[in-house]
Amino acid sequence: MTGTIDTIAVLHVDDEPDFADLTATFLEREDDRFEVETATSACDALATFELPAFDCIVSDHDMPSMNGIEFLEEVREECPDLPFILYTGKGSEEVASDAITAGVTDYLQKGSGTDHYAVLANRIGNVVESRRSQQKLVERDRDLSRYKHMINSMYEAACLYDEHGRFEIVNEYLAGWYNTTREALEGEESNLIQIVQERADNGDPYQALLDGQRDQISGEIEAEFPNHGHAVLEYRLTPLTIDGTVEGVVGVTRDITAQKGHQREIEQTNALLSTLFDALPQGVLVEDDARNVLAVNQQMFDLFELPSSPEGVVGEDCERLAEAISDMFADSEWFVERTNELIAKGEPADEEELELADGRTFERTHRPIELPNGEGHLWVYRDVTARKIRDHEIETIQRRFEAVLENTPTPMFMKDEGGEYLFVNQAYRDLFDLRDEEIVGRTDGEIHSSEMATDVRRNDRTVIERGEPIEVEESIAVDGNELIFLTTKVPVYDTGRRSDPDSPVAVFGVATEITERMVREQQLEALNQVTQVLMRAETRDEILEIGTETTRDLLGIELNAIHLYDEDAGALVPAAATDAVYDLIGEPPSFTGEDSIAWRVYQRGEPRAVDDVHEDPDRYNPDTPVRSELYLPLADYGILIAGSPSPESFDDEDVLLGEILAGGLTRALEQVERTAQLRDRERELTEQNDRLEEFASIVSHDLRNPITVAEGHLELAATECDSEHLEHVKRAHERMWALIEDLLTLAREGEAVTEFESVALTGLIQGCWANVETGDATLITDTDRTVRADKSRLKQLFENLIRNAIEHGDGDVTVTVGETDAGFYVEDDGPGIPADEREAIFDAGYSTQADGTGFGLGIVQRVVEAHEWEIDVTDGDEGGARFEITGVEFGAE
């Protein structure tokens, strides 16, 4: 076919030539861009036409030799993206599903009258425009790919932002800066763009770039960036223009964090040096080679209680100052002589102790220093009186600490890097029944078995090599029993005998026995696996067998049985038991509400451990050989009973493990019961839906097409002649369409609902009101609930109830939709429905209107039944009719 770019070439395939030609006529009337070719079969279309020459194909479904979906598959082989609309009189979910699978573009059912031709024309125009837009988008993407290559080739962080400030294209440098990949970063919002917008003084500078009002944005930003952290960025943003349109923004950034950091370090260092002198906790004095004071801090004045201020003594003679303060020392002459000696020899001195006359102790440090104009001297004085007192206190604390370690009941030890024991406490010695001299100075290989020593030594080496603490489980043999310890081992850098600030020289450990806890953890893990096995069980007997075996083998309780509630017997009847139960007590009894611990626990639904059943007046058998029992309810299904011939056999851990097992058994029983119910229900629904689908297929295909053709010819006849009989024929056609649509709806709405979704009533009701001719009627929506339903059928229900209220209320009526505790209602203030007619209104064909089909309320009832709801008709508050639907499941708000 030949045409301009505005021409839309359409191929219409239908096995009814009259209908095909009629459709072509109406389509070309609807849109003068359409050029329609027709074919009476798919084979004819494939043989006659070059498919790529068409902009769209419209095809019927039920056709001889090759149906519409088969035709669609052939078209997709040659033209994968050519728009294809399935336009058929036979509509079903199966046909729609197959069409979607085959790649149909749109799916439309033939309707009554000629309005559906306008719908078809609109659909054709939409899909063709969509395809053409997609082709234009491909051309745009080709241009963008060139910019993408340019960005990826740049040797600094660069990207392309979209109009929302998201990364559209990023290069490897930028992705690496964010510690991610290009693919992960593209599509994410840019933190940089957000900050630029937030910190702008006037307006949105980024939007100004997109609007063409600015040609660049640049500057520096300091902030936290995702997946990177704190950084200072120098950035430049420029618009990307293609064919006169801004398609995005190109961004180029440079990380100047290190540069800024170095600059700040210099500033901080200068500030630090300017304040450090005064902030030092020691007294500091600096003098030059001529012994003139160059600098002194306030702490020096405070130590020696000097008058004036540090600024007041700068430039004064230090020798005279030393003479002035010498009387404060216990040996004033020595102080002056020692000071002069250090200056004369130019020797350093470290932490010399100076005794003061008042009993205090000072430490003095001297350093010869190089000054810009020669040599000088640095003096540092500190009061160490408190430190000496503290050192004495530390010694006392250390002795106490050693006493604590020695008497702690948890084993503790220290070993050097070669594995020799340096220290063990009393708990460690007691554990292995060894004396201190049998342990200290020896290795694990000399004390314990070689296998145990190897494992322990490997863990010690890990701490030494990594310089990090570890927490590890270690198996230790004690008196022939294997115990499990959770040992915390930490590196030691100073043992008191040897130290190294950079590398550990020893290992200190604390060992806590966790043997019993490990057993419980293994049981919990095994219970988790048992629960998974239970959920795969298909029968009740299989579940009961797993329950008794698990109680016996995993929980270690030989005596156990499961009793299930028998409604006919009104008792807990034995359903499964271990052989040990039969060996000890014979046939397990049934329990009722008469003096039975089991029945009492079952009714309360709470587990219970009885230390001695002989002390409980409700025990079933006063002479029972069982002394202690554990009762575990299984919800409404029954109870699991475990017993022991010894009293006090069950603790809190046994109750906890039993509850976990009982929970798994209960869920498994629920699943088996629910599965059986679902299978029965599924079988019923399948049979019902098959019957309804067969009826709907006959009505849809065998009646729709002839009426459609008749309507088309009627409209053509009306343009050629004027006859009063044509109006009667038109009304007859409309009546036939209404009957067909209601029959189809009545049949299909009767199919049981199998897929539910959450539907908001407010929005749905507003849409239904818009779909019905409401005239002067008024709608009041008094609910904001969400219900679980089939949305399409629920829409049909509301539309029919609204239409019924308006038609029987002569148009001027108020319709109210509200909620109840169990569902919702539709109420009007019209004439109402007499009580003796309320059952008949749901019968198919019942109508009080001359032009009504009588199926509207019948469809409502079918929708209600398909959801397994209930409907009731009563009087409204204002005297009209009120339809209440109950049994509805509400969705999450």
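Start by selecting Ile69, Leu72, Glu73 and Arg76 in helix α3, together with Val95, Asp98, Ala99 and Ala102 in helix α4: these two groups meet each other. Contact here means heavy atoms within 4.5 Å. Helices are DSSP runs of H or I with at least four residues, strands are runs of E with at least two, and both are numbered from the N terminus.

Before going further, a word on what you are looking at. This is a predicted model, in which local features need pLDDT of at least 70 and side-chain atom pairs count only at pLDDT 80 or more, while totals for chains, interfaces and linings use all residues. Residues are numbered from 1 along each chain as its sequence is written, and side-chain values use heavy atoms, with hydrogens and water left out.

**Stop 1: α3 and α4**

Now show the whole of α3 (residues 68–78) and α4 (residues 93–102). Their axes lie 9 Å apart and the packing angle is about 10°. Axes are lines fitted to C-alpha atoms, for helices over the stretch in contact, and angles run from 0 to 180 degrees between N-to-C directions. That angle makes α3 roughly parallel to α4; under 35 degrees counts as roughly parallel, over 145 as roughly antiparallel, 65 to 115 as roughly perpendicular and the rest as oblique. Color the contact by class and you will find five nonpolar, no polar and three charged residues. For this coloring, Ala, Val, Leu, Ile, Met, Phe, Trp, Tyr, Cys and Pro count as nonpolar, Asp, Glu, Lys and Arg as charged, and the others, Gly among them, as polar.

**Stop 2: the whole chain**

Zoom out for a moment. The chain holds 27 helices and 32 strands. Of its 893 residues, 42% count as buried, meaning under 20% relative accessible area; exposed is over 50%, and partly exposed is in between (1.4 Å probe, protein chains only). Among contacts with a separation of 6 or more, 55% come from residues 24 or more positions apart.

**Stop 3: Glu305**

Go to the loop between α11 (298–304) and α12 (310–313), where you will find Glu305. Its phi is positive, about 50°, although Glu305 is not a glycine. Most residues other than glycine have a negative phi. Is Glu305 buried or exposed? With a relative accessible area of 64%, Glu305 is exposed.

**Stop 4: α19 and α20**

Select residues 515–536 for α19 and 540–553 for α20; these helices pack at about 165°, with axes 10 Å apart. They are therefore roughly antiparallel to each other. The crossing is right-handed, that is, the near helix is turned clockwise from the far one by less than a right angle (anticlockwise would be left-handed). Show side chains for Leu527, Val530, Val533 and Leu534 of α19, then Ile543, Ile546 and Thr550 of α20, since these make the contact. By class, six are nonpolar, one is polar and none is charged.

While you are on α19, click on Thr531. At 16% relative accessibility, Thr531 counts as buried. Leaving aside residues up to four places away in sequence, Thr531 touches Gly664 and Arg667.

**Stop 5: Tyr602 and Ala635**

Next, pick Tyr602 in helix α22 (residues 597–604). Tyr602 counts as buried, at 12% relative accessibility. Which residues does Tyr602 touch, not counting those up to four places away in sequence? Highlight Tyr565, Leu572, Ala635, Asp636, Gly638 and Ile639. Try the distance tool on Tyr602 and Gly638: they are 36 residues apart along the chain, and their C-alpha atoms are separated by 6.7 Å.

From that set, center on Ala635, found in the loop between β24 (628–633) and β25 (638–644). Phi of Ala635 is near 55°, a positive value in a residue other than glycine. At 40% relative accessibility, Ala635 counts as partly exposed.

**Stop 6: α25 and α26**

Last, select α25 and α26 (residues 791–808), whose axes come within 9 Å and cross at roughly 50°. The two helices are therefore oblique to each other, and the crossing is right-handed. Residues making the contact include Leu761, Leu764 and Trp769 of α25, and Leu794, Phe798 and Ile802 of α26. The contact residues divide into nine nonpolar, one polar and three charged.

Finish on Thr774, in the loop between α25 (761–771) and β27 (778–782). Thr774 is buried, with a relative accessible area of 15%. Its C-alpha is 8.5 Å from that of Ile802, with the two positions 28 residues apart in sequence numbering.
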